[in-house]
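Please find below my notes on the model, set out as numbered points for discussion. They are meant to be read with the coordinates open.

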Amino acid sequence: MSAETTAKTPLVGIIMGSKSDMPVMEGCTAELDALGVPYELVIASAHRNPAKVHEWAESAADRGIKVIVAAAGKAAHLGGVVAAFTPLPVIGVPMKTSDLGGLDSLLSMVQMPSGVPVACVAINGAKNAAIYATQILGATMPEYRDAIAQLKRDMAEA
């Protein structure tokens with residue numbers, strides 16, 4: 001399985017359903033880079049590559065991943081499928097679509113059935129997904145809590 005990774009052991013796993021999601025998801029990777037959070041990135045569709053998604057999600061915790069960001073458009077089942085195969089928190093990024101402007105993606109993520117939660121950011125909210133993932137890490141890792149505190153100070157001074 002090919003995955004793009006940063007130099008340190010990845011703590012955030014980013015999965016997207018299509019290469020076409022990459023321009024939006026660069027907002028996530030850029031923010032994680034700025035916050036000093038190592039990540040891995042893989043492209044795999046819940047519909048076109050279900051076995052790859054299953055293997056990646058099921059092995060994420062064993063690889064040291066602590067939080068997953070899943071981006072998908074249209075039916076947007078990627079986050080839910082990933083959440084079904086991992087005990088890790090999953091943050092969904094609904095992608096804007098040409099059909100319904102991303103409302104289809106958003107609703108399919110926020111309407112997950114009981115027992116399989118997927119947190120969800122705004123349509124194309126990749127940067128917020130990175131910040132939220134870092135906040136989750138910060139609950140137990142002081143260096144990431146400090147990075148978020150600095151980000152908030154910087155925003156207040158802007």
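The points below deal with the basis of the model, its strands, two of its helices, two loop residues and the largest pocket.

1. This is a predicted model, in which local features need pLDDT of at least 70 and side-chain atom pairs count only at pLDDT 80 or more, while totals for chains, interfaces and linings use all residues. Residues are numbered from 1 along each chain as its sequence is written, and side-chain values use heavy atoms, with hydrogens and water left out.

2. Strand S2 (residues 12–16) is mostly covered, since five of its five residues are buried (under 20% relative accessible area, with exposed meaning over 50% and partly exposed in between, for a 1.4 Å probe and protein chains only). Helices (H or I, at least four residues) and strands (E, at least two) are DSSP runs numbered from the N terminus. In a regular strand the side chains alternate between the two faces of the sheet. In S2, Val12, Ile14 and Met16 point one way and Gly13 and Ile15 the other, and all are buried.

3. S2 pairs in the parallel sense with strand S3 (residues 39–43) over five bridges, where pairing requires that DSSP finds at least two bridges between the strands. Within this pair, Ile14 has Leu41 of S3 as its bridge partner. S2 also pairs with S4 in the parallel sense, over five bridges, and here Val12 stands opposite Val67.

4. Six of the six residues of S4 are buried, so this strand is largely enclosed by the rest of the structure. Val67, Val69 and Ala71 lie on one side and Ile68, Ala70 and Ala72 on the other, and both faces are covered. S4 and S5 are paired in the parallel sense over five bridges, with Ala71 opposite Val93 of S5.

5. In helix H4 (residues 103–110), the buried residues are Asp104, Ser105, Ser108 and Met109. Seen down the axis of H4, they fall within an arc of 125°, so they line one face of the helix; the arc is that of the directions from the helix axis to the C-beta atoms. These residues pack against strand S4 (67–72), strand S5 (90–94) and strand S6 (119–120), with contact taken as heavy atoms within 4.5 Å.

6. In H2, Val53, Trp56 and Ala57 are buried. They cover an arc of only 95° around the axis, which puts them on the same side of H2. The buried residues of H2 pack against S2, S3, S4 and helix H3 (78–84).

7. Ala46 sits in the loop between S3 and helix H2 (50–59) and counts as buried at 15% relative accessibility. Not counting residues up to four places away in sequence, Ala46 touches Val53, His77, Leu78 and Val81. The C-alpha atoms of Ala46 and Ala75, 29 residues apart along the chain, are separated by 10.0 Å.

8. Asn124, in the loop between S6 and helix H5 (126–138), is worth a check of its backbone. Its phi is near 60°, a positive value in a residue other than glycine, and Asn124 is partly exposed, with a relative accessible area of 31%.

9. The largest pocket has a volume of about 290 Å³. Of the 17 residues that line this pocket, the closest to its centre are Ser18, Asp21, Ala72, Gly73 and Lys74. A pocket here is an open set of points on a 1 Å grid over the protein atoms alone, where a 1.4 Å probe fits, with protein on both sides within 12 Å along at least five of seven lines, and lining residues have an atom within 4 Å of a point.

Note on methods. Grid points are joined across faces, edges and corners, and a volume is the space filled by probe spheres set on the points.
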